[in-house]
Amino acid sequence: MSRILDVQSIVAGYGEANVLTNVSIYADKAEVVSIVGANGAGKTTLISTLAGVIKPRSGEVYFQGERITDMPAHERPQKMLAMVPEGGRLFPFMTVLENLKLGAFPERARSGFNQRLEEIFDIFSILRERRGQLAGHLSGGERQMCAIARAMMSRPALLMLDEPSVGLSPVMTERVFETIRSLATRDNLTVLLVEQNVGEALDISDRGYVIDHGSIAMTGLSSELKDNPQVQGAYMGL
Amino acid sequence: MDQFFNVVALGMLLGGTYALVSVGLNLIFGVIRIVNFSQGEFLMLGMYGAYLGYSTMGLDPYAGAFIVVPALTLLGMVVYWLVMRPLQNEPMMQVFASFGLLLLIQNVVLAITGGVGMSMNTPFSQVTLTIAGVQFSATRLIILLAALVAAGGLGLFLAKTNFGQAIRAVAQDRMAAQLMGINVERTFMWSFGIGTGLAGLAGVLLTPIYTLSPQIGGNFVMAAFAVVVLGGLGSVLGALVGGFIVGLTEAFAGYYIDPELKHAVIFIVFIAVLLIKPSGLFGQAGAEEVGLREQS
Amino acid sequence: MKKFNGAGVLAVLVGAGWITVAAAQEGTIKIGAITPNTGGMAVLGNDLANWYELAADEINAKGGVLGKKVKIIRGDATNAQEAIAAVDKLATVDKVDIISGTIASFISQAASEAAVNYNKMYWETNALAVELTTRGLPNFLRTGPSAAYYAMQAADVSKGKVASVVGKPVNKLKIWVEHEDSNYGTSIATEVDRLMKAEGATVQIAGHKASAVDLTDSILRAQQANPDIFIISGYVVDTHLLLRTMRERNFKPAATILIGLGDSPDTLKAIGPEYLQGILIVTFPRQAINQKYAPGSDAVNKAYVDKYKVPSIGNAGINGYVGMQILFKAIEATKGDMSVSALMKAAKAMDMPIGSFTTGYGVKFDENMQNTRGQAVTYQWQGDSTKVVWPQEAALDGVSMIKLARP
């Protein structure tokens, strides 16, 4: 199994404070890895560091064997690393189609755009209908789907998602998670899923990390974590 | 009654001037969120650039535009990179820096020229066209055309090209744009450069009409601020429509009421529009919108 | 190793004017000159200070005033704050006897009030605002014309000459005064209005912003009124824009009078000689003037070029030169007493007829200490240059007002 992502002893934060004190994680090819934890545990800081939006203070990040610790955020999509930020962050005054086009902005993703667009429309059929609509006018679920589709336009090797279930109804959440799972299977995609919705996230992932106060508190197969009474007590309200 | 159409023509021509001056200002605001107080000084540099070409090489200002506009685009990019970029996490400081640039550029030009007024008198600047009794000054007509071409061209560029779409993406959500692989700093640099280049274009085209002074940029930019707020901050179409509203209001108020009161009338229209639509006429709707979303 | 030569260094410093040697004060009359030497008015400010120095050179060459050399010490001021600071420095550091100036009225106002604190005479030669002399400041007088004298000259040339050239009696004249709407332009316009209405003429005054981007509306309105005489009282940028718009709109009043400016090479460049033909300019007297009216003005213009290697740029510099000469006369009259009271008394007593100085000025101060014999004159664009055409006796022999209506 080949290692896609290898994060070694990351320290990161904002201003004076360190949010992540010492985080090491990894993800292998075609693996769905979830990172779960409470609000403020450092999940978003971790994923932002991996996307290059935040620079780590120490530690290393390797992606497909290449050191990308200091690589600027805008160079990472070219390296097949994509992220769906919390809330999707679509470009509200652009159409769905324009948003998808921007997803294919990296040089690498521009050739075969039309074919890729058809593939994406086959997976996200609602977007085919909504292609001419302004992204700002989409419903919450459509918006999240569109954001995932946009990230997929760049044909990533690693897809990172920050809280894709936030603000969605349980039915919609389930559909989003199903889509994520099927993408991983279909494209041999590695997925890094950051979630507060611990139960659902562990349901669709192969492996999981529990993050607490800026460091990894527990790790293991998702099924094991799900059965762990500590996890159940602290995060799943059981 | 024949004067009525003359006044309409006058307002449209003046609107073209205001629109051209405002487009660059609005691009910079829409994309980078900097209120560039030094925009008028780039316009003034465009005027002096055209004058320099005219007085040293006998270059017609319209030909000089092909040198002056790229030069000011480049200057704008350098200024962004050296002055604005280091302050990008402090928006208030960027506004102060643009004000500092205003003083710096004015005083440098003042020191070089010694404050002597400069004018050119090209044969073309004396041409007027009379169509059905309505007079058009040829120089003003060219400015009107340039405004339409610049606004239309910029609109197409933003809508149709990859780089234009990248600029709009950055304007709407710079963090998400980064995640798409867009180099935000480079986009800012180009946007600032295009904005100052457009100011330079306005300056060049205005040169045959005015007597140059280092302070002249302020005369245009005060109106341009009204135009962009009226039309909607960040909107290219808004700059165009706002320009025509201010131009026509000024012409009608100046001719039918009193030239001394025309600025007061513009101010009344300005307040009335903002009361009805606080975001300006084109402040929020439409895909031509360069962006008005709060950045986080 | 060379020995440090203290005396040599000192001599260099004195020569460069960095050290004022106390002993020299005895035989010197020091006059502080407050002018804007930097900023937008620098050209005019330096020109005025140059003329002051030329006046000092000339009197020094003749042995000075009462045997004392005159020295001009420059003080730079571009705004009111700097004016006050410049007065402080001139009075305390340079220890001048009298302060003079100024190009701009707002600088004059602040500087002259600051001079009161040091009990120094403020000998204004150039600033134009009428209010400067009506403030009742105890140390202030003005040797040159105020803005009101521009208006008086405009009215005088209109009724004395333009009416007959236009071919209408004065009380049938229609006059439009287009002024920039600050105090300067407005005060001239209202004064012309008053003077010409008193003559029975029909006068309309209209204002515009000097910073306006377009003035076509003003021109269209004036055109509609179809005046015989169109008078512009503005600054350079708006005056040029008005002239260009007039040309563009084919507006040809029988006579056009520009006030205070419009006789420079730059106006020639901006508007071109064809359209300028016949346009009248009311301004300070300086060149192309009859030597019987303004004795020695040709010679002194030449002396300026000899000294500074360039022709004088400002139209007001020679007016300051004459102001200095009047000051020298006043100092002679006080026998060297530089106190405010002595100088004011001497000035009040002066009575010199028109034509006493190189600008044609005489000296007679009114109760506000405004010189009533410092007249503006009227120039006209003829060919590539301007020539005095009014008053009649100031015009060069063979020069008269050319046809006003332009092709």
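**Exercise 1. Work out how many residues chain B and chain A each bring to their contact, and how much area is buried there.**

Step 1. Counting contacts (heavy atoms within 4.5 Å), chain B contributes 25 residues and chain A contributes 22 residues.

A quick note on conventions: this is a predicted model, in which local features need pLDDT of at least 70 and side-chain atom pairs count only at pLDDT 80 or more, while totals for chains, interfaces and linings use all residues. Residues are numbered from 1 along each chain as its sequence is written, chains are lettered from A and ligands numbered from 1 in the order in which they are written, and side-chain values use heavy atoms, with hydrogens and water left out.

Step 2. Buried area is the accessible area (1.4 Å probe) that two parts lose on being put together, summed over both. For chain B and chain A it is about 2200 Å², with 64% from carbon and sulfur atoms.

Step 3. Now look for the main contributors: Gln165(B), Leu179(B) and Met180(B) supply 30% of the area that chain B buries against chain A, more than any other three residues.

**Exercise 2. Find the salt bridges between chain B and chain A, then describe the side of chain B that touches chain A.**

Step 1. Apply the salt-bridge rule (a side-chain nitrogen of Lys or Arg within 4 Å of a carboxyl oxygen of Asp or Glu). Two salt bridges turn up across this interface. Arg89(A) and Asp173(B) form a salt bridge through their side chains, at 2.7 Å from N to O.

Step 2. Turn to the helices (DSSP runs of H or I, at least four residues, numbered from the N terminus). On the side of chain B that touches chain A, helix H6 (162–172) and helix H7 (174–179) of chain B each supply at least two residues. H6(B) gives the most, with six residues.

Step 3. Sort that side of chain B by class: 11 residues are nonpolar, 10 polar and four charged. Here Ala, Val, Leu, Ile, Met, Phe, Trp, Tyr, Cys and Pro count as nonpolar, Asp, Glu, Lys and Arg as charged, and the others, Gly among them, as polar.

**Exercise 3. Locate the two domains of chain C and examine their interface.**

Step 1. The assignment, which is automatic or from a database, gives domain 1 (6–145 + 296–349) and domain 2 (148–283 + 377–394). Their centres, taken over C-alpha atoms, are 33 Å apart.

Step 2. Five residues of domain 1 of chain C and nine residues of domain 2 of chain C make the contact.

Step 3. These domains bury about 520 Å² between them, 59% of it on carbon and sulfur atoms. Leu128(C), Pro145(C) and Asn315(C) supply 70% of the area that domain 1 buries against domain 2, more than any other three residues.

Step 4. Finish with the salt-bridge rule: it finds zero across this domain interface.
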